[in-house]
Structure formats: C-alpha cells, structure tokens
Amino acid sequence: MLSYQYKFQDEDQTKVKGSLKAGFFGTVVEYGAERKISRHSVLGATVSVGVPQGVSLKIKLNRASQTYFFPIHLTDQLLPSAVFYATVGPLVFYLAMQRLVIRPYLSAQKEQELEKQRESSSSDIARKKQEAEAAVRLMQESVRRVIEWEESRMGLIILNAWYGKFVTDTSRKQEKAKVIDVTVPLQCLVKDSKLILTDACKSGLPGFYDPCVGEEKSLKVLYQFRGVMHQNLSGDTEALRIPKQSHRIDADT
C-alpha cells in the first residue's frame with residue numbers, strides 16, 4: 001500500500017492537511033482543514049474522495065477533552081458535483097458561522113472577561129488614580145520651572161498628552177475612549193529639550209495609571225519644538241523619543 005501525507009499550519013492556527021492512499025482495494029484522496037475557533041474549541045472538516053468508496057465529508061469538533069464526529073456520506077460514485085459541494089459547502093458554512101455567530105460570541109465573551117477584570121481591579125484603579133493625582137500635584141512646581149527653561153530656549157513644550165484607549169475606527173464609534181491627561185507628567189520628564197521613554201508599559205511612569213485594564217493602550221502627544229507643532233501616537237510598549245522631524249505637523253495639512 002502506498003501512502004503520502006502533507007500538513008501545514010499558519011500563524012492563525014489553521015491546519016491544512018492532505019493525503020493520498022493507494023492499494024489493492026482502491027485509491028483514496030483526503031484533504032481538509034482545522035481551525036481553532038475559541039480557546040477550547042477546534043473545528044475541522046475532511047473530504048474523502050476514493051474508488052470505490054465514493055465521496056464523503058467528515059466534520060470534527062474538539063471541545064475541551066471531548067471530540068464529536070459528524071460523518072456525511074454523499075455518494076458512492078465519483079461525481080465532480082459531489083466533490084465540489086463537499087469542498088465548498090463547509091467553507092461557506094464556516095464563513096457564515098464565523099461572521100454571524102463565532103465573532104459576536106467571542107467579542108461578547110471578551111467583553112465579559114474585561115468587565116470582570118475591571119470590577120475586580122476597580123478599587124486598585126481608584127487607589128492608583130489617587131496616587132497619580134497626588135504625584136501630579138507635587139510635580140507642578142518642577143514643571144513650571146521646566147516650562148520656563150524650555151520657553152526661554154524655544155525648546156520642547158508638551159501642549160497636550162493623553163494615555164489610554166483611543167477609538168479611531170469609524171465602525172467602533174459606539175465605544176468610549178478611556179484616556180487620562182498626562183501632560184504634566186510628560187513635561188516633568190523633559191530634560192534638555194528631549195523626552196525619552198523606553199519600551200516598558202507607560203502606566204508605571206510617575207503620574208500615570210492604567211485607565212483601562214486589560215485593553216490596548218496608546219500615548220498621544222501634541223508638542224511644540226522650535227515654535228513648530230508636532231504630534232505623535234505610539235503604542236503602550238513602544239519606545240518614544242521626541243522631538244522628531246517625522247512628528248512635525250505641516251502648516252498646509
């Protein structure tokens with residue numbers, strides 16, 4: 001008996017496999033795919049085309065430690081139409097389920113997990129907010145001196161700085177932005193007309209705190225250098241060094 005098998009897996013944890021088996025009792029070609037649809041669930045479909053077996057479709061669902069099989073025998077004959085429907089049917093069904101059921105379910109599940117995380121950490125957020133506000137009050141005098149020094153040299157002035165979750169996608173306008181004003185803490189970190197932040201999480205900086213635990217955050221800075229306006233939006237764990245020519249806001253834009 002002759003047998004050949006090929007498997008492939010991409011970054012989205014989608015496995016594609018195919019095999020060819022030939023022997024005295026016939027030839028069978030199998031091909032299919034598996035995809036992780038949730039944290040504990042894997043959905044797969046395999047098409048089997050052979051002589052004299054015909055065309056069949058096997059759907060498999062792995063849920064935690066349980067496995068469910070749904071074998072569907074389409075025909076005993078080798079019909080192109082049966083092969084086509086066995087191949088395209090599961091794909092169309094999966095795409096419809098992905099759009100109408102799986103994505104909304106996973107999105108709702110993620111939102112529930114975030115809500116639980118917010119509730120469990122609400123007291124901690126309130127405490128860190130108070131600590132950040134107290135730190136900002138203590139920075140006021142230092143920031144005043146920094147601004148005076150920078151203005152005398154037309155140096156780096158932080159006009160506005162916001163940290164948290166920004167909503168820029170038009171399809172997500174119903175979501176609320178969750179940001180805090182970090183203008184004073186950033187200005188306090190300016191030294192010799194430069195601001196340098198490492199790739200560490202920004203919520204640990206003096207005067208900062210995490211306004212949206214468990215969600216993706218960014219730092220947006222509007223600043224003035226040499227009398228010219230600049231702006232930059234960077235990720236939470238992205239290193240930042242300003243001023244930069246690439247941040248410049250042209251007057252004609």
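**Cores, a hairpin and a histidine**

Me: Leaving aside neighbours within four places in sequence, which residue of β10 with the most contacts inside the largest nonpolar core is in contact with I158?
Reply: Happy to walk through this predicted model. Leaving aside neighbours within four places in sequence, I158 is in contact with T183, L186, Q187, V190, L195, V221, L222, Y223 and I242. The residues with the most contacts inside the largest nonpolar core, which has 22 residues, are I158, L186, L219 and V221. β10 covers 218–225, and the name found in both lists and in that range is V221.

Me: Which residues are among those of the other core?
Reply: Good one to follow with. This core lies apart from the 22-residue one and has seven residues. Among them are A45, V55, L57 and A86.

Me: Is H230 buried or exposed?
Reply: Let's place it first: H230 is in strand β11, residues 228–235. Its relative accessible area is 4%, and buried means under 20%, so H230 is buried.

Me: How many Å separate the backbone oxygen of V228 from a polar atom of the side chain of H230?
Reply: Leaving aside neighbours within four places in sequence, H230 is in contact with residues including Y223, F225, H247 and R248. V228 belongs to the nearby sequence instead, and its backbone oxygen lies from a polar atom of the H230 side chain at 2.8 Å.

Me: Which residue in β3 stands opposite V16?
Reply: Strands β2 (residues 14–23) and β3 (residues 26–36) run antiparallel and are joined by 10 bridges. They form a hairpin with two residues between them. Opposite V16 in β3 stands A33.

Note on methods: Residues numbered from 1 in each chain as written. Predicted model: local features only at pLDDT ≥ 70, side-chain atom pairs only at ≥ 80, totals over all residues. Heavy atoms only, no water. Pairing = 2+ DSSP bridges. Buried < 20%, exposed > 50% of the residue type's maximum accessible area, 1.4 Å probe, protein only. Polar contact = N/O pair within 3.5 Å; in protein donor to acceptor, adjacent residues only side chain to side chain. Contact = heavy atoms within 4.5 Å. Core = buried A, V, L, I, M, F, W, Y, C linked by side-chain atoms within 4.5 Å.
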